[in-house]
Amino acid sequence: MSEERFGEFVLVRRHGHVAELVMDRPKAMNAVSTEMARSLSGACAALAADQDARVVVLTSSHERAFCVGADLKERNSFSDADLRRQRPVTRGAYTGVLELPMPTIAAVHGFALGGGFELALSCDLIVADRTAVVGLPEVSVGVIPGGGGTQLLPRRIGAARAAELIFSARRVEAAEAAELGLVDQLVDDGRDREEALALGARIAGNSPVGLRAAKRALRLGHGLDLRAGLEVEDAAWRTVAFSGDRAEGVAAFNEKRKPQWPGE
């Protein structure tokens, strides 16, 4: 297993074809400061360009928190001009995760609040343990979810449920979060990272060309009418149909062996 650090607060660990993107600011429960946001953006840019990374799993090094959102202590010292300057930097962290071209999984335990929950929502799948507490409390401090929450949450659970959670600013514990679809898989205490990495490894066994094209079709087709969505799907199919991965997949199936994906 290799490691690469991006700034002081972000680490990328390699587990074969699974890249673990670790938020590593334990003294602040991974509160997203300007520096941490910049590091997340840099790590995501590097991962997006890495053809060897088939799956990314977003984790936390803190025992009791995934991420508590924006660094409000830093924000408290900001002038309006400072806040304007910070906005594209912090936005880049959320869009960096959201726009990763390969499947992404968040491994959540403890608090995932505000921007922390938005980072999880930016992933394709969320695995949470029973200590997880999620929510978007931004209106309680005079702002709104600004890391994608007002757009990602209704796409996940529907407009009315998202409105109730955002307007009430309430925290949701693990069992209800699973029931509402705020998380996708609920696991025993302390097993979120292990289970997310295991899921990542299973996914990474599939064609990297196929995985990226499937994600592209899912993302671009969401919200379109069926006819337009099927055109998006057809375009994605055409990018894989004549690939080395498709040829290898068909050959491996017929030869009853495990595929050796060329990844192109």
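Where along the chain does Val-143 lie? Val-143 sits in a loop, the one between β9 (133-135) and α5 (149-157). Please keep in mind, as we walk through this structure, that the model is predicted.

Let's stay with that loop residue for a moment. Val-143 has a relative accessibility of 41%, so it counts as partly exposed; the label covers values between the buried limit of 20% and the exposed limit of 50%. Val-143 also has company on the surface: together with Leu-72 and Val-141, Val-143 forms a nonpolar patch. The accessible area of these three residues together is about 260 Å².

Leu-72 is a handy link to the next stop, the largest pocket. Leu-72 is among the residues that lie nearest the centre of this pocket, along with Gly-69, Ala-70, Asp-71 and Arg-75. The volume of the largest pocket is about 980 Å³, and 35 residues line it. Which helices each supply at least two residues of this lining? They are α2 (72-76), α3 (80-98) and α4 (115-121). Of the elements involved, α3 gives the most, with six residues. If you sort the lining of the largest pocket by class, you find 16 nonpolar residues, nine polar ones and 10 charged ones.

Now for the second largest pocket, which holds about 660 Å³ of space. Its lining has 22 residues, and those closest to the centre are Leu-98, Asp-124, Lys-215, Leu-218 and Arg-219. Two or more lining residues come from each of α5 and α9 (208-221). Here α5 brings us back to our starting point, since the loop that holds Val-143 lies between β9 and this helix. The top contributor to the lining of the second largest pocket is α9, with eight residues. How do the lining residues of the second largest pocket divide by class? There are 12 nonpolar residues, nine charged ones and one polar one.

For a last stop, turn to strand β4 (residues 55-60), where you will find Val-55. Is Val-55 buried or exposed? Val-55 has a relative accessible area of 0%, and therefore counts as buried, the cut-off for that label being under 20%. Val-55 also offers a nice pair to display in your viewer: Val-55 and Gly-205 are 150 residues apart in sequence, while their C-alpha atoms are 9.8 Å apart in space.

Methods: Residues numbered from 1 in each chain as written. Predicted model: local features only at pLDDT ≥ 70, side-chain atom pairs only at ≥ 80, totals over all residues. Heavy atoms only, no water. Patch = residues over 30% accessible without salt bridge, like charges linked within 9 Å, V, L, I, M, F, W, Y side chains within 5 Å. Areas by Shrake-Rupley, 256 points an atom, 1.4 Å probe, with all protein chains shown as cover. Salt bridge = Lys/Arg side-chain N within 4 Å of Asp/Glu carboxyl O. Helix = DSSP H or I, 4+ residues; strand = E, 2+ residues; numbered from the N terminus. Buried < 20%, exposed > 50% of the residue type's maximum accessible area, 1.4 Å probe, protein only. 1 Å grid on protein atoms, 1.4 Å probe; cavity = no way out; pocket = protein on both sides within 12 Å on 5 of 7 lines; lining within 4 Å. Points joined across faces, edges and corners; volume = space filled by probe spheres on them. Nonpolar A, V, L, I, M, F, W, Y, C, P; charged D, E, K, R; others polar.
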